[in-house]
Structures are given as structure tokens and as C-alpha cells.
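Work through the exercises below with the model open beside you, and try each task before you read its solution.

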Amino acid sequence: MLFAVLLGLLAVLVLVWTVLAQALALAPVGWWGPLLQDVTSQGLVLVLGSLRDGLGVWNVVLALVGVAAAAGVRALSRRRRAGSVLIGLSVAATLVAAGTYTALVVTVARDGGGLHPFLPVSPVPVAAPGPDRTVEFGAPGGTPLLADLYLPQPGGGPAPVLVRVHGGGFVQGSRGPSPYNRFLADNGYAVVDVDYRLATEQVHNWDTQVGDVGCALTWVGTAGPALGLDTSRVGIFGESAGGNLAVNAAYLDRAGTLAPTCGDRATLPRVRAVAGMYPAVDLTATEPFSAIGRQVGAAYIGGSPEQFPQRYAFTDSITHARPDSPPTLVVQGSADHLVPAAPVARFTAAIADLGVPTRYLQLPGLEHGAGDALGTVTPGTELQRAALLSWFDRWVR
């Protein structure tokens with residue numbers, strides 16, 4: 001009898017997880033509006049969505065475990081009708097989980113990421129390889145800024161360069177191993193993974209973070225040749241807030257208006273292409289969208305768009321877009337509860353209308369992070385890897 005109770009508890013817990021996880025993937029983001037107006041509940045939504053995305057195919061496996069547990073309850077319990085109902089609900093939830101995962105796998109294959117029906121191989125995150133070396137690229141305002149270098153195998157001549165800008169809502173995060181750094185280095189690129197000065201409640205550095213990225217670019221322009229970097233072939237990419245900074249730095253660089261916070265502006269290399277993964281390219285739209293968005297706006301910019309419209313305009317990437325802006329790749333999950341997909345899609349449509357070579361990929365049902373938040377290799381990770389490589393191979397290599 002105790003065993004039946006434990007099986008029942010397992011079946012119910014798995015059922016609740018599967019239903020909630022799939023509801024977050026399938027329901028329109030706007031339906032969750034009330035939960036997104038509180039920092040705690042929005043954080044819980046983001047954690048659950050990221051956990052679901054990081055588990056990938058294991059969501060289906062877990063749902064099948066729930067079906068087996070429900071079947072065990074029916075076999076062992078005297079309440080066979082209740083057991084049958086639990087089996088029916090568990091089977092339905094499993095079919096939904098399998099359907100959403102299949103849709104993701106098909107989308108990834110269609111968009112060039114390969115066919116990956118069984119990812120991640122393990123639900124346990126695997127540590128990404130570390131850098132080959134770490135350098136200080138500048139000290140604007142007396143704050144040393146570091147960069148990790150991921151270098152390709154020697155022997156192929158000067159390597160094209162990709163600068164990576166980390167995410168973290170402009171207020172946290174740092175350079176560090178990612179699913180992309182070593183992958184891109186193994187495919188012939190030198191990756192320069194950079195830090196920048198973070199915003200705080202006291203320091204609203206909306207106007208200098210992109211300049212810190214410019215500082216890193218001046219270091220590439222001056223120190224790069226001695227390290228075997230080809231400073232005539234430079235691209236830049238970033239995730240979330242880093243996607244915003246990467247796009248803005250690339251656009252300002254092309255326009256000749258990027259103001260690096262260190263180094264000589266004359267040494268800035270010409271950025272050939274840029275990529276943003278789930279990028280916060282429209283803070284004017286995303287700041288009022290959620291509680292965490294308002295927190296970010298208060299720290300990074302100092303207040304709301306109504307209070308500081310010019311500051312927000314500077315951070316919004318469309319402000320800096322021109323017909324000759326660098327080719328731009330954008331990847332995002334459709335169920336992003338932090339940086340909603342709609343404003344990002346509008347941005348990519350707007351730059352495409354300007355004539356900027358543009359590619360926009362949207363992954364169905366994925367949360368902020370588009371499958372790479374846990375450190376497991378998911379179909380979303382594979383698509384982003386393939387998309388980055390093909391984009392930079394086309395425009396930078």
C-alpha cells in the first residue's frame with residue numbers, strides 16, 4: 001500500500017511538472033502577464049522554462065516515467081478508477097510534451113541546425129572548455145576589464161576574430177565558458193570573450209557599456225596582429241543584454257560614431273557582421289513588460305522610458321540602424337518571458353526594410369536562453385551554433 005502511495009505521489013508530481021512546463025511553452029506569453037509583474041513569480045517562470053529547455057528530450061522520458069507510475073498505481077491500488085484517470089492524464093501530458101519537442105526538432109532541422117531527436121544526451125550539464133589565455137584589454141575609469149581568448153589550432157595564418165559579449169541584464173554576469181566559444185574556435189575563429197562594467201543602483205552606465213565593448217575592439221585592433229588575429233575580419237555576437245551591446249557596438253562602429261572608453265578610436269576594426277541571441281534590442285518595449293524589466297531599467301538607465309526617453313532611445317538598437325549596418329543574425333525562443341519575441345521580431349523586420357542583410361530564427365516554445373541556459377547541449381544550442389557558424393562564415397571569413 002505504501003508503495004502505491006509513493007507511486008501515486010511520483011505520478012502526480014511528474015504530471016504537474018509536465019503540464020506546467022508545456023503550458024509555459026504553448027500559451028501566449030501575454031497570458032502570463034500577472035505573474036510577470038512580480039519579481040519572484042517571474043523568476044520562477046524563467047527558471048521553470050529554462051529547466052524545461054535544458055532537459056530537452058528528457059522531458060518526454062520523465063513524462064513516460066509518470067505514465068509508468070500511474071499504471072503502477074492502478075495495478076496496486078483498490079481505487080482503479082482514480083488510477084485510470086491518472087493514467088489518462090499522464091498519457092495526454094506525455095503526448096503534448098512529445099509534440100512540442102518534435103516541433104522544436106523539426107524547426108531546428110529545417111533551419112540548418114541538423115536533426116537532433118535525442119538531445120541532450122545527458123540531463124546533467126557538462127562544463128564547457130575554458131580559454132587558452134586571459135588578458136586585460138583596458139581599464140576605463142580605473143576598472144580593469146578582462147577578456148578570455150579561445151584560439152584556433154595554429155598553422156592556418158591569421159584567424160578571423162569574433163568578439164563575444166555576455167548577457168546578464170546589464171547588471172550581472174561575466175565572460176566565461178559558453179556553448180559557443182570553443183565551438184567557434186574549433187572552426188577556425190579566434191573568440192575574444194569580454195567583460196564590461198556592470199550597472200548598479202548607483203551607477204547607471206547606459207551610455208558607457210557599449211563604449212566598453214568598443215574598448216575591447218580597440219584592443220583587438222592594436223594587440224590582435226601580434227597574437228595571430230586578422231583584424232580585417234571581425235564579427236561580434238552576444239546573448240540577451242550582450243546581444244543588445246553587440247548589435248549597438250556593431251552599428252555604431254559602422255556609422256563611425258562608436259566612442260570606445262579606452263584605446264584610440266582610430267584603431268577600431270570594421271565589424272563585418274553581428275549576431276544576437278535572444279537580444280534585448282528594444283528596452284523601451286521590454287522595460288514595462290515585466291517586473292525584472294523594470295528592475296533592469298532602474299539600474300541600467302535610471303528609470304522608466306517616460307522619465308528618460310532619450311536614454312532609452314540610445315539603448316534601442318533601431319536608433320543606430322542604417323542601410324549599411326552590418327549583416328545581422330537574430331535567434332530567439334517564441335516563449336521568452338523576459339525579452340518577449342514580438343519587439344525583437346519587429347526590430348528585425350525594420351532593419352530588413354532598411355536593406356540590412358538579416359536572418360531571424362525563432363525557436364518554438366523556448367524560454368529566454370533558447371535552450372542554452374543550463375549548459376546542456378540541446379537542439380536549440382545546436383541551431384544557434386550552426387546559425388552562428390554559417391552567418392560568420394558568410395560575412396566574416
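**Exercise 1.** Find the strands that helix H12 lies across.

*Solution.* Start with helix H12, residues 379-395, which lies across S3, S5, strand S6 (271-277), strand S7 (328-333) and S8, where contact means heavy atoms within 4.5 Å. Next, compare directions: H12 runs at about 165° to S6, with axes fitted to C-alpha atoms, for helices over the stretch in contact, and angles running from 0 to 180 degrees between N-to-C directions. Helices (H or I, at least four residues) and strands (E, at least two) are DSSP runs, numbered from the N terminus.

The model is predicted, so local features need pLDDT of at least 70 and side-chain atom pairs count only at pLDDT 80 or more, while totals for chains, interfaces and linings use all residues. Residues are numbered from 1 along each chain as its sequence is written, and side-chain values use heavy atoms, with hydrogens and water left out.

**Exercise 2.** Establish the strand order of the open sheet of 8 strands, and identify its edges.

*Solution.* First, read the order, S1-S2-S4-S3-S5-S6-S7-S8, in which the pairing is mixed; two strands pair if DSSP finds at least two bridges between them. The edge strands are then S1 (133-138) and S8 (358-363), each of which pairs on one side only. Finally, neighbouring strands of this sheet are turned by 20° against each other on average, direction ignored.

**Exercise 3.** Describe how strand S3 is joined to strand S5.

*Solution.* Strands S3 (residues 159-165) and S5 (residues 229-239) run parallel and are joined by 7 bridges. To locate one of these pairs, take valine 165, whose bridge partner in S5 is glycine 238.
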